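Q: I am new to this structure. Please pick one part of the chain, look at it closely, and then relate it to the other parts you can describe.

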Amino acid sequence: MAKKKYTLYKAENSTAPAPCAFFLSPQGCKNGDKCKFLHVLPSDGKTAPPVAPAIGSGDIKSISSSDVSSESENETPTTTTPNTHAKSVDVDDIFAAPGQAIVHPPKSEESKKSKRKRSVEHSDPFAKPKYTAAVAATATAANTPQTPDANATPNTKKKAKIIEKKPSFRDLDLPVASFALPGVHGALANMPVAPPSAAKPQPPKIPIPTSTAEGLKWQKAVIATRSNPKYKADFDFDRMKQSDEESNVTKVTDWIKAKPYGSWCAGNPHAIAIDCEMCETKDPATGSSDHKALCRLSVVNAVNPEEVLIDTLVKPDWPVVNHRTWVNGIGKDHLNEVQFTLKHAQAFMLALCSEETVIIGHALQNDLAALKMEHYCNVDSAMLFTVKDEPNATCSLKDLAMGVLKREMPDVHDSVNDARVALHILEEGYLKADGKPEPVARSFPQKKKGGSAELFVHRIPKGCFPEHISNMFVTHTYIKPKEVPPIEFNSDTGKTTVTFISAEHANIAFKTIEGEAKPDKSGRLQKRVYLRNGGYVNIRKMIRPKQS
């Protein structure tokens with residue numbers, strides 16, 4: 001350890017050598033007679049020279065090794081002018097005035113020990129333990145006054161070390177004004193625990209009729225209806241809602257969906273047959289059209305078909321521009337005084353049906369679209385029967401009535417009759433055949449005098465709706481179709497069969513479309529109508545041209 005060196009100064013107004021600070025020390029001066037400083041003993045009787053100030057005094061200045069000290073040998077001392085104007089200052093003052101010397105009090109033996117202790121603690125590689133309950137208990141015991149025990153031997157060696165608890169925000173005594181909304185905390189407490197993030201979200205389960213005997217009777221038919229390749233496109237409720245909203249017909253929130261099965265509906269019929277009649281309406285403010293506006297609703301009990309649960313005309317929200325009287329027999333005069341609206345029809349269906357109620361009919365997607373009702377327990381005769389020699393064709397209710405029931409259907413539709421006929425066809429031709437019905441031959445061929453009243457439209461791009469197809473014919477041919485069914489999309493494109501009032505209207509529409517008619521692979525003529533983006537759709541006749 002390097003020795004600390006000091007510079008010694010003469011007393012003021014004295015020409016005598018400075019006294020040696022080490023001569024009177026227990027160790028003595030190592031330089032002996034060669035020391036350049038004054039050696040004076042108390043017994044010499046001489047006037048003792050001024051004693052060297054104690055280490056740390058204002059007249060002793062710490063210097064570097066380049067300054068002359070009493071331990072430096074063979075060195076010429078350098079005379080340094082002392083600062084006679086320096087004043088002492090308390091070390092507790094963190095700032096010293098200019099020219100003041102800081103006074104360091106003598107270090108006691110106890111302070112040296114404390115310094116050594118702090119040095120050891122600083123180099124300790126082990127961290128101190130955190131404040132724990134056990135430590136708190138020790139501190140509490142140490143702070144609690146103990147009753148002296150007469151028999152106990154006093155322990156004067158060590159005192160228990162008291163660890164003070166660190167302040168925490170939990171200990172603050174604040175004027176908190178508690179407040180809570182009614183039911184909020186209970187609702188949060190009852191919230192279901194979220195599934196693990198790794199688990200993939202499961203799609204909502206589609207209801208199956210399982211709760212009633214009537215539902216179980218039709219359960220396989222419901223599943224078979226959903227298994228038809230056309231079901232996904234025809235019963236695409238999301239697409240229906242989007243189409244209605246884009247056409248300003250209804251909002252998505254205007255659609256209804258039945259509640260789960262429960263005691264509330266135990267006394268209701270759990271299988272029903274329905275049929276709806278539709279007309280065309282137009283909003284005078286926006287010009288939007290609804291081609292499937294509900295104008296009649298008929299529901300019969302599937303267990304007892306003679307029981308008509310409801311049969312009513314329905315007042316459309318918008319003015320009717322096409323009553324389609326030639327199809328449904330409903331004219332303008334029939335609807336003038338009607339007060340029953342779509343909202344009433346929806347209220348009835350919600351009171352009657354649970355999500356397990358089996359709804360039976362023919363081409364049910366059209367009836368549900370008119371009701372603005374999302375429902376999945378459906379049995380559709382159009383999905384469960386096929387046309388003989390035409391596997392991709394859809395059976396008409398007329399063909400099914402004749403093929404299965406040997407019964408002719410009237411030209412004008414009656415919704416109560418149509419609902420009952422669809423129910424009887426499914427019971428006789430599907431349930432009794434154990435779900436394996438025979439293909440139905442066309443009793444009423446589509447080919448009529450002058451040709452077919454239909455045109456086949458395919459290569460329809462996604463995002464196209466029936467309204468677009470109808471408007472396309474009006475724009476290009478000035479002939480409005482009688483009906484444009486929902487578009488069936490298989491991959492990137494879709495197809496649909498457009499019906500006109502007569503075969504003559506269909507022929508005129510095809511001839512009016514610009515472009516050359518070319519035969520397809522089957523020999524039937526077709527034309528192209530081009531799209532804005534450069535694509536096109538094909539419009540094809542349903543029958544082949546006569547061979548000359």
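**Arg324 and other parts of the model**

A: Arg324 counts as buried because its relative accessibility is 16%, and the cut-off for buried is under 20%. The model is predicted, and every value here is computed from it. Arg324 lies in the loop that runs between strand 9 (320–322) and helix 8 (325–328). Its phi is positive, about 55 degrees, although Arg324 is not a glycine.

Arg459 can be set beside it. Arg459 is not a glycine either, and its phi is positive at about 65 degrees. Arg459, however, sits in strand 13, which covers residues 454–461. With a relative accessible area of 37%, Arg459 is partly exposed.

A positive phi also appears at Lys372, where the angle is about 55 degrees, just after helix 11. That helix spans residues 364–371 and is mostly covered, with 8 of its 8 residues buried. Among the buried residues of helix 11 are Leu364, Asp367 and Leu371.

Another positive phi, of about 80 degrees, belongs to Gly287, in the turn of the hairpin formed by strand 6 and strand 7. There are 6 residues between these two strands. Strand 6 (residues 271–282) pairs with strand 7 in the antiparallel sense, over 10 bridges. Within this pairing, Asp275 has Ser298 of strand 7 as its bridge partner.

Strand 7 has a second neighbour. It pairs with strand 8 (residues 308–313), again in the antiparallel sense, over 5 bridges. Leu297 stands opposite Thr312 of strand 8. A hairpin through 6 residues joins strand 7 to strand 8. Strand 7 covers residues 289–301, and 12 of its 13 residues are buried, so the rest of the structure largely encloses it.

The cysteines remain. The cysteine sulfur closest to that of Cys279 is in Cys295, at 4.3 Å, which is too far for a bond. A disulfide would need the two sulfur atoms within 2.5 Å. Cys279 is buried, with a relative accessible area of 1%. Cys464 is also buried, at 14%. Over the whole structure, the search finds 0 disulfides.

To return to the part chosen at the start, Arg324 combines a positive phi with a place in a loop and a relative accessibility that counts as buried.

Conventions: Residues are numbered from 1 along each chain as its sequence is written. This is a predicted model: local features need pLDDT of at least 70, side-chain atom pairs count only at pLDDT 80 or more; totals for chains, interfaces and linings use all residues. Side-chain values use heavy atoms; hydrogens and water are left out. Helices (H or I, at least four residues) and strands (E, at least two) are DSSP runs, numbered from the N terminus. Buried means under 20% relative accessible area, exposed over 50%, partly exposed in between (1.4 Å probe, protein chains only). Two strands pair if DSSP finds at least two bridges between them.
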